[in-house]
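Student: Could you take me through one part of this structure slowly? I would like to see how a single strand fits in with its surroundings.

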Amino acid sequence: MIDDAHPLDAATWLRPTRLSDAASRAEALTRSRAYMRPWEPVRPDSFYTEEGQRERLAGMLAEREAGRVMPWVLSDAEDRVVGGFNLNSIVLGPFRSATLGYWVDVEYAGRGLATAAVRRICELARDGLRLHRIEAGTVLHNTASQRVLAKSGFEEFGVAPRYLHIDGEWRDHRLFQRILHDGPATGVS
């Protein structure tokens with residue numbers, strides 16, 4: 001289930017990240033660099049290269065093997081990367097929580113794909129990982145991302161001052177969470 005591809009619409013899929021996504025991911029990130037600048041950390045130019053993405057993906061996939069990260073991509077009909085979604089900092093045991101991060105290619109933004117992907121990831125986190133809760137944060141003025149979270153069942157629970165270093169400064173963030181279930185903390189501890 002978690003390792004399957006999931007259609008979001010007739011031409012877009014949510015699927016697990018592969019190392020072979022490096023070139024396509026670099027292209028999408030380069031195309032979207034200016035669009036995403038207000039919501040992202042300052043990145044070196046090497047981040048936007050195939051080699052830079054291959055290194056990043058290798059690290060993510062190693063973290064996935066260790067059970068700490070679940071990375072997915074949005075892919076189009078030609079299997080090109082048009083977005084990325086991660087469950088980060090996965091903690092099991094009695095906490096059973098993770099942090100969600102995501103981005104969508106500028107050419108695919110505003111189509112409801114982020115909302116569809118976040119909803120599906122919540123289902124996969126609940127049913128596949130048996131997570132209890134997912135947290136996400138947005139820069140205060142990122143209303144588009146806040147709408148995605150609200151439409152996906154997340155509730156705001158606070159503001160974190162100077163939470164992340166984004167676009168060259170420590171930025172305050174709105175914090176959101178979604179409780180996925182209230183069943184027992186079962187499964188791998």
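Tutor: Happy to! Keep in mind that this is a predicted model. Let us start at a hairpin, the one formed by β3 and β4: five residues lie between its strands, and among them Asp79 takes a positive phi near 65°. From there, look back along strand β3, which covers residues 70-75. How many of its residues are buried? Six of the six are, so β3 is largely enclosed by the rest of the structure.

It helps to picture the two sides of the strand. In a regular strand, side chains alternate between the two faces of the sheet. In β3, Met70, Trp72 and Leu74 are on one side, while Pro71, Val73 and Ser75 are on the other. These residues are all buried, and both faces of the strand are covered.

Now for the strands that pair with β3. Strand β2, residues 12-16, runs antiparallel to β3 and is joined to it by four bridges. Strand β4, residues 81-91, also pairs with β3 in the antiparallel sense, over six bridges.

Leu74 is a good place to pause, as you can follow the pairing through it. In β3, Leu74 has Leu14 standing opposite. In β4, the bridge partner of Leu74 is Gly83. Leu74 is also one of the buried residues, on the side of β3 that holds Met70 and Trp72. Try finding Leu74 in the picture, then look for Leu14 and Gly83.

Technical notes
Residues are numbered from 1 along each chain as its sequence is written. This is a predicted model: local features need pLDDT of at least 70, side-chain atom pairs count only at pLDDT 80 or more; totals for chains, interfaces and linings use all residues. Side-chain values use heavy atoms; hydrogens and water are left out. Buried means under 20% relative accessible area, exposed over 50%, partly exposed in between (1.4 Å probe, protein chains only). Helices (H or I, at least four residues) and strands (E, at least two) are DSSP runs, numbered from the N terminus. Two strands pair if DSSP finds at least two bridges between them.
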